[in-house]
Amino acid sequence: MIALDDVLVTAYSPDPDGGADRVVRLLGPVTLELAERRIAIVGANGSGKSTLARLLNGLVLPSSGTVRVDDLDTARDGAAVRRRVGFMFTDPDAQLVMPTPVEDVALSLRRLPLTSTERDVAARAALARLGLADRAEVPVHALSGGQRQLLALASVLATEPAVLVCDEPTTLLDLRWRGVVDRLLDDLDQQVITVTHDLDAALRAQRVLVIDDGAVVFDGDPADGVASYRALMQVPT
Ligand SMILES: Nc1ncnc2c1ncn2[C@@H]1O[C@H](COP(=O)(O)OP(=O)(O)OP(=O)(O)O)[C@@H](O)[C@H]1O
Ligand SMILES: [Mg+2]
């Protein structure tokens, strides 16, 4: 289970008057235990959702307080945390490092005890699962934005993380592939924590967190959470 204890995230911001940098609060203080298998995080642009998501695998470290993943502390055991908690970025280019899809997924598989042939077969199977079988050797930069997002998901799933944190996993996808990815995420055995602007996806979670101005302003039942977010955004239900 992931547990945040009194977590505060701050950053330095330049003083427009040329004085010393000021400390600004990005998130917190937040105390949470994240045990449900499906958790959705919703909120306005700039509210702190990605900051919260990145705390969960140590991509962002707390300025004070602690984030624990089972027996691991994200500040002390970052590499072990990232093996346990996979992260899918909003922008796939932040995550894709190899020239071709098959190489990118194979890189994700490097820790598994596989021969290079087995790794290649496993990488192609992971690509096929996301409709990218015929794109395996196409240069990554030539893929469409949606195809790159599917590739990013294939690469992170290939590592078989115990927990998957997805930051807007379907933002770039057309209706058909959004449905495919939604079903795939819904069917995974592992815990999935998703930042999303897709309120239908949020409604399928077991628990919804609403973030506003760096604070958790709602935590609980998805239907109530989505209603509270709509009210916050002054959108009629
Ligand atoms: N390192 C940083 N230094 C200064 N400000 C930061 C830093 N990281 C994030 N912020 C600010 O913190 C706020 C929250 O950012 P965050 O990326 O968590 O928002 P978000 O809820 O994910 O928004 P979006 O829906 O647009 O993705 C934003 O105003 C952002 O500019
Ligand atoms: Mg974000």
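## Ligand 1, helix H4 and strand E1 in a predicted model

In this predicted model, ligand 1 is surrounded by Ala-11, Leu-26, Ala-44, Asn-45, Gly-46, Ser-47, Gly-48, Lys-49, Ser-50, Thr-51, Glu-168 and His-197. Helix H1, residues 49-55, gives the most to this shell, with three residues. Three residues of the shell place an N or O atom at the distances below from an oxygen atom of ligand 1.

| Residue | Atom in the residue | Distance to an oxygen atom of ligand 1 |
|---|---|---|
| Gly-48 | backbone N or O atom | 2.9 Å |
| Ser-50 | polar side-chain atom | 2.8 Å |
| Thr-51 | N or O atom in the side chain | 2.6 Å |

On its own, ligand 1 has 650 Å² of accessible area, and the protein covers 55% of that area.

The next element is helix H4. H4 runs over residues 116-129 and has 14 residues. From its first C-alpha to its last it reaches 20 Å, which is close to the 20 Å expected at 1.5 Å a residue. Which residues of H4 are buried? They are Arg-119, Ala-123, Ala-126 and Leu-127. These residues lie on the same side of H4, because they cover an arc of only 100 degrees around the axis. An α-helix has 3.6 residues a turn, so residues three or four places apart point the same way. On the other side of H4, Thr-117 and Val-121 are exposed. The buried residues of H4 pack against two helices, H3 (101-108) and H5 (145-158).

Arg-129 also belongs to helix H4. Leaving aside neighbours within four places in sequence, Arg-129 is in contact with Leu-157, Leu-184 and Leu-188. Between Arg-129 and Leu-150 the C-alpha to C-alpha distance is 9.7 Å, while in sequence the two are 21 residues apart. After H4 comes Gly-131, with a positive phi near 75 degrees.

The last residue described here is Ser-13, in strand E1, which spans residues 2-13. Is Ser-13 buried or exposed? The relative accessible area of Ser-13 is 18%. Ser-13 therefore counts as buried, since the cut-off for buried is under 20%. Not counting residues up to four places away in sequence, Ser-13 touches Asp-21, Arg-22 and Val-24.

Methods:
Residues are numbered from 1 along each chain as its sequence is written. Chains are lettered from A and ligands numbered from 1 in the order in which they are written. This is a predicted model: local features need pLDDT of at least 70, side-chain atom pairs count only at pLDDT 80 or more; totals for chains, interfaces and linings use all residues. Side-chain values use heavy atoms; hydrogens and water are left out. Helices (H or I, at least four residues) and strands (E, at least two) are DSSP runs, numbered from the N terminus. The expected span of a helix is 1.5 Å times one less than its number of residues. Buried means under 20% relative accessible area, exposed over 50%, partly exposed in between (1.4 Å probe, protein chains only). The arc is that of the directions from the helix axis to the C-beta atoms. Contact means heavy atoms within 4.5 Å. A residue is near a molecule or strand if one of its heavy atoms lies within 4 Å of it. A polar contact is a pair of N or O atoms within 3.5 Å; within protein, one must be able to donate a hydrogen and the other to accept it, and residues adjacent in sequence count only if both atoms are side-chain atoms. Accessible areas come from the Shrake-Rupley method with a 1.4 Å probe; for residues, only the protein chains shown count as cover.
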